[in-house]
Amino acid sequence: MSDNKNLSPVERIKQKSDALRGTLQESLQNETTGAIADDDTALVKFHGMYMQDDRDRREERAEKKLERLFSFMVRLRVPGGFFTPEQWIATHHVAGENTTGVIKITTRQTIQLHGILRNKIKPTLKSFSQVHLDSIAACGDVNRNVTCAAHPSESELHAEVHAYAARISKLLLPKTRAFYEIWLDEEKLTDKKEEEDPLYQDRYLPRKFKVGIGIPPNNDLDVFTNDLALIAIIEKGKLIGFNVAIGGGLGATHGNAETYPRLASIIGFVPADDEKLFKTIYEIVTIQRDYGNRSDRKLARLKYTVDKYGTDWYKTELAKRTGFALGDPRPYVFTDRKDHYGWQQNHKGLWYYTPFIENGRILDDEKLALKTALLEIAQTGKANFRFTCNQNLILADILEKDKAAIQQLLEKYKIIEHTDAASAIRKNAIACVALPTCPLALAEAQRYLPDLIGKIETILVKHELTPENIIIRMTGCPNGCGRPYAAEIGFVGTSPGHYNMHLAGDHEGTRLNRIYKENLDETAILKELDLLFWLYKKERITGETFGDFALRQKYYKA
Amino acid sequence: MLNTPKLNLMQELIAGSSREELIWLSGYLAGVVAAQGHPAAAAGQVLAQIASAAAPVAESAATPSINKITIAYGTETGNSKKLASDFAAKAKKKGINAKLVGLETYRLNDLPKEEYFFTVISTQGDGEPPAAAKKFYDHIHQNGLKLEKLKYGVLALGDTSYPLFCKAGEDVDQQLQKAGGQRIASLEKCDTDYESQAVGWFDHILQQLGTSTGPSAAPNGASVIAKPTGKKIYTGTVVANINLNDRGSSKQTHHLEIVAEEVDYQPGDSLGLVPENPALMVETVLGLTGVDADRKITIRQEEHKIGHLLRKKLNIVYLPERVVKKYAAIVQQDIPETRIGLLDLLKIYPVRDAAQFHEVMAILEPTAPRLYSISSSPEAHGGEIHLTVAKDKFAVNGEIKHGLCSDQLSLLAPDQTFEFYIHKNSQFRLPAPEKDVIMIGPGTGVAPFRSFLAQRDSTGASGRNWLFFGDQHFTTDFLYQTELQNWLQTGVLTKLNTAFSRDQAEKVYVQHKMLRESAELFRWLEAGAYVYVCGAKEPMSVDVDVALLHIIQKEGKKPLAQAEAYLDELKESGRYVKDVY
Ligand code: SRM
Ligand SMILES: Cc1cc2nc3c(=O)[nH]c(=O)nc-3n(C[C@H](O)[C@H](O)[C@H](O)COP(=O)(O)OP(=O)(O)OC[C@H]3O[C@@H](n4cnc5c(N)ncnc54)[C@H](O)[C@@H]3O)c2cc1C
Ligand SMILES: Cc1cc2nc3c(=O)[nH]c(=O)nc-3n(C[C@H](O)[C@H](O)[C@H](O)COP(=O)(O)O)c2cc1C
Ligand code: SF4
């Protein structure tokens, strides 16, 4: 079992938290600060929120003798990233009233709202609950939002597979009523038995836990970056089961060799028999609960448990707990990893439109009234909203007869123009949030990548590579929220204006990239890319992706 | 009769003295003569001619020795009280049974029974009596009041830099006479350096009451005659000027840090200064009237250039009705009696010529000083004075304007200098170190409490401190938030309650937070806590009054009358004081 000799502080906070209640009620009453008690900042994550502050405003506020501008980021739990039009409309209004106004689609298929003042949290969560949305376990040392291949036109069985996202999310949900009590003013529990939690007990998991479900051939969700990856195996038009992979995770820390990104390793196959499937999932989590490292949070993810004990051990322990062994993994192929922009039709004849949303940030600016457009589309009630793990959304499940109406709105707001105008690399790019809200950011990401891409585009033009679907991703620190290590070109922030450059990842997300050069500033980055693209143009084998080319040429540090 | 040097001396003295001073002088000499056992009348007459005011002298000379007097004071910042108590002590020494009483608690139906009644009263606001003396002041203004028995004298405290010098004292003096009272000492009007003048006045009274103060009176008396030297003026240099409100706030509250040589002040005092008029406004006035800015004219015994007067001395920005009325008389037009700026007057009702404007100059009043509570502590911020200035904002038919002085202060840049004086407030003082303190100071009302807390922090006072602060929005308007948080952490602040009125649907103010804390608050009161209120006189300080009454009723289980008595008791014992504006 994991050594509990020197538990990390967070472990103690969890255990004495009275099922994640802590002193949150008192914190909400504090009249002298906009923050919450230190211990509560760890607990509030389990309720789907992070306490942050506007880092741009720190100095100025300090001079004014004002504390940091504390606010909260709420991340919703949206298994598989599905919204009804009503839910979108509600979110639009909540964002307008209580937050920065920007609706942010995340790399895990859900949305985040930033800048919520402490006294606006309850109204925010109440309006969400009115449309059956919550943020339970969207963060914290529990299972996070369950992701799934986003586009229904990928497979006739999409709906069937997609349904598992919500069911797994439910299976792994904490039992405590704290969320309802604290934020929705639900009656206090008289009988605590009602919230006994055999899965999480009073200690929850050593660290966050992520589950993703992929549907070959498109790996749009980067399934292997999850702690637990399920790959739908479809034979003769039937879902026969899932390949099971464990130990994915990208977080690393500069200068800490013990930390590293890792893709999930396939350990077997489980048939599409719910009891077996859920038992397998459940026990994979309990093993991590019992064996995961609880003294060093940097080494607490499942990936380190797997590497510490080995996959064979994990399989045996799993069989012990489930009472059955996993089958041999089935063959499958991922051929791509992208969103299908523009109009698509699925097997049932329903229509789907994917607009280009840069870094998942939905707002109205001088160029594009995207937020208003989406509101009006939602108000027609004719399109569902599906989020993708590339920070996009799909206007979904539109009937043939309604397509024209949606098309008309898309034109009215120039969404189609905007989407068609965006270059291939821009559409394939991801940047994490980083500054000003992310406390861990070492450098800019979503506020900077769009400019950088503009400059990269001119280099591509110069080398006549514009049509290439090169995948570029940037993060403000090594935690990997934008999955930069799984990109063909990854930029990982090291300090303001400086990034490590990673190369040689593949196009399908089955191979991690490697570090090429460190601490580059913009000039250096552009110089490197100019050279690399020139070489790529000159020496590529026909059909060879940039990532494969970089690998073949060994453009990485040994 | 007198030899030349003496005569010169006397003429010089007479020339340099105001009518009041002369009247006093005549009485004083009469007293001295009487004390020396010469016929008082002689000396009296001589001076009577000079002063052309023999009346008081005649009376005074005749008064028999008595043994019971009442000394009542009306004070805002404690000066009048201090003097009144000194007088009482002195009288007692002379074997006179002197009753000392604050006008706020004076029983009005005792007035007709009074025989000797001396009032020391200051003037506040724009010629108003101190809040504490309002009841008394209104009472003596009702007609039909009969006070035949009353023999009285009034000592008025004031400040010549205000338009209506010692107005409240003048009014009291007049009303008591109207009511049939007999003035046995002429009204004495004192500027801010009132000490010797006041003492002289009282010694004189004691003499009149037939009890000599002996030769010691002479030096005392002499010093009185010297023309008031005015208050001590300092020059301050701005070292920091920060707008404490964050972006997006509708307010602008400037934290000013000023260095000045050995300024003598205590927590609770405020800083006073006279704002200049905007240069552009002055030029326009000169342009419209065609007067010569360099021409010298004499106003209030002082000769100045017109330009200088308009820029630095006289209120032209926003004239009071009374001045507008006088203006109307000069230009002979009927002008609605409302406050208005001189510039607008000149535009709508122009003066005939420069000559007529000289007449107008004569009716203009001095610009009243503005006061700002000092938010620093001599102990904690040695050598510095801090202010917390809210930029006053108001709309005049649609157009946004700013207050004259607060605007100027808010625009001061580091290294700029300005002149100021200290306005002492001996009423608004920290209690003994071990006493508990409850401070209610929303908005800029927090200023003196920052001073209190800093002082108690650096002197290690053991008493508990509780602050109620309020403003519009938590994120943008929490003045001195981080400093207050630190004091909470270090325990200097025991409790901090805040009310931000516009962060929720319903308005929440400090009095609401007090009511929410009523049980605890009453416990503090019972434990002897001192309560201080600073900030807006209305509605805040009134609402706080009501809230306190309510708390005392509820938690003390007292009927209203008893609760009021409880609150009065707090006031009288100096445990409930306000500095509101
Ligand atoms: C919003 C999002 C990035 C985005 O632009 O979309 C994001 C944003 C943050 N991540 Fe992340 N992560 C996001 C996906 C990821 C991913 C990608 C994925 O899961 O597919 C990863 C890499 C995969 C993995 O988990 O290893 C990821 C790995 C991390 C880590 C590193 C964890 C580790 O094992 O080392 C941290 C830091 C931590 O947990 O201590 C982190 C922490 C954070 C925090 C909450 C910073 C913090 O802990 O205070 C960031 C909030 C910034 C802000 O102001 O919004 N985030 N984070 C993504 C939200 C996903 C969701 O909806 O749940
Ligand atoms: C004891 C005491 C302590 C104080 N402490 C503080 C403190 O700590 N901080 C602080 O900020 N203030 C404090 N004040 C208030 C301060 O003294 C001033 O009254 C305040 O700054 C406004 O002065 P001003 O010259 O800026 O505005 P003014 O020019 O005097 O204007 C004041 C008001 O007059 C009216 N007015 C003026 N001109 C016009 C016009 N042309 N047309 C129409 N209306 C007009 C407006 O209603 C305006 O709001 C204190 C006052 C007192 C008595
Ligand atoms: C806000 C304020 C307004 C004042 N207005 C006048 C005034 O109109 N006329 C005057 O002669 N003195 C005025 N003064 C000066 C006071 O009367 C003077 O400071 C006096 O010494 C105060 O005495 P006290 O402490 O007993 O109240 C004013 C003082 C303050 C603080
Ligand atoms: S990658 Fe780092 S900077 Fe970017 S959002 Fe995640 S934690 Fe913040």
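These questions and answers test a few structural terms against values from a predicted model.

The model is predicted, so local features need pLDDT of at least 70, side-chain atom pairs count only at pLDDT 80 or more, and totals for chains, interfaces and linings use all residues. Residues are numbered from 1 along each chain as its sequence is written, chains are lettered from A and ligands numbered from 1 in the order in which they are written, and side-chain values use heavy atoms, with hydrogens and water left out.

Q: Why is D222(A) called buried?
A: Buried means under 20% relative accessible area, exposed means over 50%, and partly exposed lies in between (1.4 Å probe, protein chains only). D222(A) has 0% relative accessibility, so D222(A) counts as buried.

Q: What makes the pair D222(A) and R483(A) a polar contact?
A: A polar contact is a pair of N or O atoms within 3.5 Å; within protein, one must be able to donate a hydrogen and the other to accept it, and residues adjacent in sequence count only if both atoms are side-chain atoms. The side chains of D222(A) and R483(A) make such a contact at 2.8 Å.

Q: Which residues is D222(A) in contact with, leaving aside its neighbours within four places in sequence?
A: Contact means heavy atoms within 4.5 Å. The partners of D222(A) are R337(A), R473(A), R483(A), A486(A) and G509(A).

Q: Where is D222(A) found?
A: Helices (H or I, at least four residues) and strands (E, at least two) are DSSP runs, numbered from the N terminus. D222(A) sits in the loop between β7 and β8 of chain A. P217(A) lies in the loop between β7 (211-214) and β8 (228-235). A cis peptide bond joins P216(A) to P217(A), with omega about 10°.

Q: What makes C481(A) a donor to the iron atom of ligand 1?
A: Donors are N, O and S atoms within 2.8 Å of the metal (3.2 Å for Na, K and Ca); water is not among the atoms, so sites may look incomplete. The SG atom of C481(A) is 2.3 Å away, and C481(A) is the single donor from the protein. C481(A) is in the loop between β17 (472-475) and β18 (489-495) of chain A.

Q: How do you know that D397(A) and Y480(B) are buried?
A: D397(A) has a relative accessible area of 16%, so D397(A) is buried. Y480(B) has 1%, so Y480(B) is buried. Phi is positive in D397(A), near 55°, and in Y480(B), near 60°. D397(A) is in strand β15 (residues 393-398) of chain A.
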